[in-house]
Amino acid sequence: MADTKISVGPSDSLWKIAQSCGIPGGGSNWQALRVERGGKTYNLATDDLPGGLKSGDTVVVPSELGASSCQSEVNGASAALAQAPATASAAGQKAQAASGAQPATEVSATASCSTKVIFVLDPGHGGRAAKASFATAAQLKPYKDAVAAGKMTQAQYDNMFDLGGLSWNNALGAVSNTLEKTMTHRLIPLVRDHMNAMKGTILAAQPSIKSIEVHLTKEDEYVNMTGADRAGVARDKGADFFFCCHFDAAPGTTHVHLDITRVKGVVDEKRSVTLTSIDSKLLGGSYPKSAASSAGSRGPTLLYSGHKDSPPKTVQNARIVGAIISKNLATTLQTAENSPTAVSAQGESARQLANISPFNLGTNDPKKKQIVPIYLEADFINVESGDRLWNTAGYNAEIGASRTRWGIPPEPAGATEKEAWKKANLRREMPALPAGHNMFDKAAQSIALSLLLNMHHRIC
Ligand SMILES: [Zn+2]
């Protein structure tokens, strides 16, 4: 069977084409496509497509994807493209099931204001490690050789490379080396718990609303889901609000890159070897780690869908509720930090992100449930003060041994060894914060309250 070629029209998107072609994984698997432009072919699994998909490009659906229905559906354009996005893909449903989420209840496609308000909360990232699918055989060879030579176990190898999904992690704590994905999976279940604890009080004050449901896309930090699958959960649950939470890495600060080759005995043990010198694509992005930013403006940032097909109302309401969440969280962080200057709400910007894409959420169709998608970067953990506030010594002791830490060896006992270890790993003493300080709990409470008090910004 030959590859299928599709001429791109003005309203086409990669997601729509992948979706309408019925390729495995649906629209979220657009990286499986290729694009021909000006005599050049872009393989979307590895190449950036400058400026995104444009009218006049040709999308190539490789024959091995077995997307036999592609041509007819795309030719029959309106029928296929007007159809609702599929529910979360099989992989996404599996991840959702694995995390213990309940199956979706039937929600009418034209749901109007009901007496129930539904929240879906999404902890950013998940899974184990780098994207082996982005690596070439040559890039993987040193690691495979290390396994063969007994310098690295198969388990270490498997922990290093994620087998699929989107970015498994992004930001990394400046001094604690805590992974962003660990933090989001700590915070989001707490937000749910606080919402559940408070909702009785809220309901008593809002007679028109009889019930509030809070769902998570997933709870297991070792499970990843694509952005589209996360949006799929919001859609399947009939969410009024979809709240995505991440911990950012500040742009523009001095970075050293995390070196994935530091697993002892493999390739190179020197800290100075940067990720970019290996291949940033191997990890699906850069992993900034602040070496020296003991200060720096930080605080929550709000991202909203910058997609041209976003319904104005969903974006408007996401910005209203998101700005309130971000302002309240900034105040909560300032109080905990005991500093009104180190933290402030860092504003907002528009991005085209798969989990808040109107196509993935189905909100580009006015007949479908309009979901308000709020995407919060809760703080900047590659700024040292941010890392210290969230990831206390106690928290790190608790998560330490059980978490993937890029092969960073455990803290040795002897004073000299400990000093050497700290130096090699850019680690400093974690602060002695007041007894009972738990930034996750404080932040979860702030976010939960902000969400519940702004339910009237749902769209129905
Ligand atoms: Zn993130």
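The paragraphs below lead through two sheets, one helix pair and a few single residues of this structure.

The model is a predicted one, in which local features need a pLDDT of at least 70 and side-chain atom pairs count only at pLDDT 80 or more, while totals for chains, interfaces and linings use all residues. Residues are numbered from 1 along each chain as its sequence is written. The helices (H or I, at least four residues) and strands (E, at least two) named here are DSSP runs, numbered from the N terminus.

A good place to begin is the sheet that contains β1. Four strands, in the order β1-β4-β2-β3, form an open sheet with antiparallel pairing, where two strands are said to pair if DSSP finds at least two bridges between them. The edges of this sheet are taken by β1 (4-7) and β3 (40-43), each of which has a single partner strand, so one side of each is left without a neighbour in the sheet. From one strand to the next the twist averages 25°. At one edge, β1 pairs with strand β4 (residues 58-61) in the antiparallel sense over 4 bridges, and K5 has V60 in β4 as its bridge partner. At the other edge, strand β2 (residues 34-37) and β3 are also joined in the antiparallel sense over 4 bridges, with T41 in β3 as the bridge partner of E36. These two strands, β2 and β3, form a hairpin with 2 residues between them, and G38 in the turn has a positive phi of about 50°.

The other sheet is built from 6 strands in the order β8-β5-β9-β14-β12-β13, and it is open, with mixed pairing. Here β8 (211-216) and β13 (348-351) stand at the edges with a single partner strand each, so that one side of each is left without a neighbour in the sheet. The twist in this sheet averages 25° from one strand to the next. Strands of a sheet pair through backbone hydrogen bonds, either parallel or antiparallel.

Within this order, strand β14 (residues 372-380) is mostly covered, with 9 of its 9 residues buried; a residue is called buried if 20 or more other C-beta atoms lie within 10 Å of its own, exposed if 12 or fewer do, and partly exposed in between, with C-beta atoms placed from the backbone. Strand β9 (residues 241-248) pairs with β14 in the parallel sense over 7 bridges, and the bridge partner of C245 in β14 is L376. On the pairing of β12 with β14, the sense is antiparallel, over 3 bridges, and L302 stands opposite L376 in β14. Strand β12 (residues 301-305) also pairs with β13, in the parallel sense and over 4 bridges, where L303 has S349 of β13 as its bridge partner.

The edge strand β8 offers a link to the helices, since H215 lies in strand β8 and is buried, with 21 other C-beta atoms within 10 Å. The C-alpha atoms of H215 and P189 are 26 residues apart along the chain and are separated by 9.4 Å.

Helix α7 (residues 180-205) has 26 residues, which at 1.5 Å a residue should span 38 Å, and its end C-alpha atoms are 36 Å apart, which agrees; the expected span is 1.5 Å times one less than the number of residues. Helix α7 bends by about 45° at K199, the bend being the angle between axes fitted to the seven residues ending there and the seven starting there. Helix α7 packs against helix α15 (residues 439-452) at an angle of about 50°, with their axes 8 Å apart. That angle makes α7 oblique to α15, given that angles under 35 degrees count as roughly parallel, over 145 as roughly antiparallel, 65 to 115 as roughly perpendicular and the rest as oblique.

Two loop residues remain to be considered. Most residues other than glycine have a negative phi, and most peptide bonds are trans. H125, although it is not a glycine, has a positive phi of about 70°, and this residue lies in the loop between β5 (116-123) and β6 (130-131). With 23 C-beta neighbours inside 10 Å, H125 counts as buried. N338 likewise has a positive phi, near 55°, in a residue other than glycine, and its place is in the loop between α10 (312-337) and β13. N338, however, is exposed, with 9 other C-beta atoms within 10 Å.

Terms used:
Axes fitted to C-alpha atoms, helices over the stretch in contact; angles between N-to-C directions.
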